[in-house]
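User: Please take a close look at one part of this model and explain it to me in connected steps. I am in my first year, so plain wording would help.

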Amino acid sequence: ADVLAHLDPLLGTLQECLAPAWRRAALLGVLGALLEAVDSCVHAAFGAGLLNSSHAAALRADADAVRDFFIAGGSGLPAADVTAATAVLRKAIDAAAEEAASQAGAGGSAH
């Protein structure tokens, strides 16, 4: 949510300053970069043991907040595009959580 608070003024400026065709491309670029960065952080954090499967629900809620932010009640990007992009992140969160849980289970049974 903190990231979205910082993005809000930037995206507002993009909305005001860019022509509609450029605006959509710029917003898609920001969304894609944000999702890529979050995906990288999620995998690194799960891999380092900083996150575990119990964090997955909160991370999925964060992905939903990003989705809603970029859809902006219909005044932002097309809902289908944003939903598809954030669905990829949600799947990555689930896969990382599942992998962390299986590694924890394997590590726990070895002791």
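Analyst: What follows is a close look at helix H3 and its surroundings, ending with helix H2. The model is predicted, and the values below are computed from it.

Helix H3 covers residues 56–71, and a loop separates it from helix H4, residues 79–109. Begin with the charged side chains. In the whole structure there are 5 salt bridges. One of them joins arginine 67 to aspartate 64, with a distance of 3.2 Å from N to O. Both residues belong to helix H3 and are 3 residues apart, so about one helical turn separates them. Arginine 67 also forms a salt bridge with aspartate 68, where the closest N and O atoms are 3.0 Å apart. Arginine 67 is partly exposed, its relative accessible area being 23%. Aspartate 68 is also partly exposed, at 43% relative accessibility. Through shared partners, the salt bridges link Asp64, Arg67, Asp68 and Arg90 into one network.

Next come two aromatic residues that follow in the sequence. The whole structure holds 1 aromatic pair, and it is formed by phenylalanine 69 and phenylalanine 70. A pair of aromatic rings is described by the distance of the centres and the angle of the planes. Here the centres are 5.3 Å apart and the planes are at 80 degrees to each other, an edge-to-face arrangement. An angle over 60 degrees counts as edge-to-face, so the label follows from the angle of the planes. Phenylalanine 69 and phenylalanine 70 are both buried, whereas aspartate 68 is partly exposed.

Then the chain reaches the loop between helix H3 and helix H4, where alanine 72 is placed. Most residues other than glycine have a negative phi. Alanine 72 is not a glycine, yet its phi is positive, at about 50 degrees. Alanine 72 is partly exposed, with 34% relative accessible area.

Helix H3 also packs against helix H1, residues 2–17; their axes are 12 Å apart and the angle is about 15 degrees. With that angle, helix H1 is roughly parallel to helix H3. The crossing of H1 past H3 is right-handed.

Beyond the loop, a further salt bridge connects the side chains of aspartate 81 and arginine 24, at 2.5 Å from N to O. Aspartate 81 lies in helix H4 and arginine 24 in helix H2, residues 20–47, so this pair ties together parts that are 57 residues apart in sequence. Aspartate 81 is partly exposed, at 32%, and arginine 24 is partly exposed, at 39%.

That salt bridge leads to helix H2. Helix H2 has 28 residues, and the reach from its first C-alpha to its last is 40 Å, close to the 40 Å expected at 1.5 Å a residue. Its buried residues include Leu27, Val30, Leu31, Leu34 and Leu35, and further along Val42, Ala45 and Phe46. Just after H2, glycine 49 has a positive phi of about 80 degrees. Alanine 72 has a positive phi as well, although it is not a glycine.

Key:
Residues numbered from 1 in each chain as written. Predicted model: local features only at pLDDT ≥ 70, side-chain atom pairs only at ≥ 80, totals over all residues. Heavy atoms only, no water. Phe/Tyr/Trp six-rings, centres within 6.5 Å; stacked < 30°, edge-to-face > 60°. Buried < 20%, exposed > 50% of the residue type's maximum accessible area, 1.4 Å probe, protein only. Helix = DSSP H or I, 4+ residues; strand = E, 2+ residues; numbered from the N terminus. Salt bridge = Lys/Arg side-chain N within 4 Å of Asp/Glu carboxyl O. Expected span 1.5 Å × (residues − 1). Axes fitted to C-alpha atoms, helices over the stretch in contact; angles between N-to-C directions. Parallel < 35°, antiparallel > 145°, perpendicular 65-115°, else oblique. Left-handed = near helix turned anticlockwise from the far one by under 90°.
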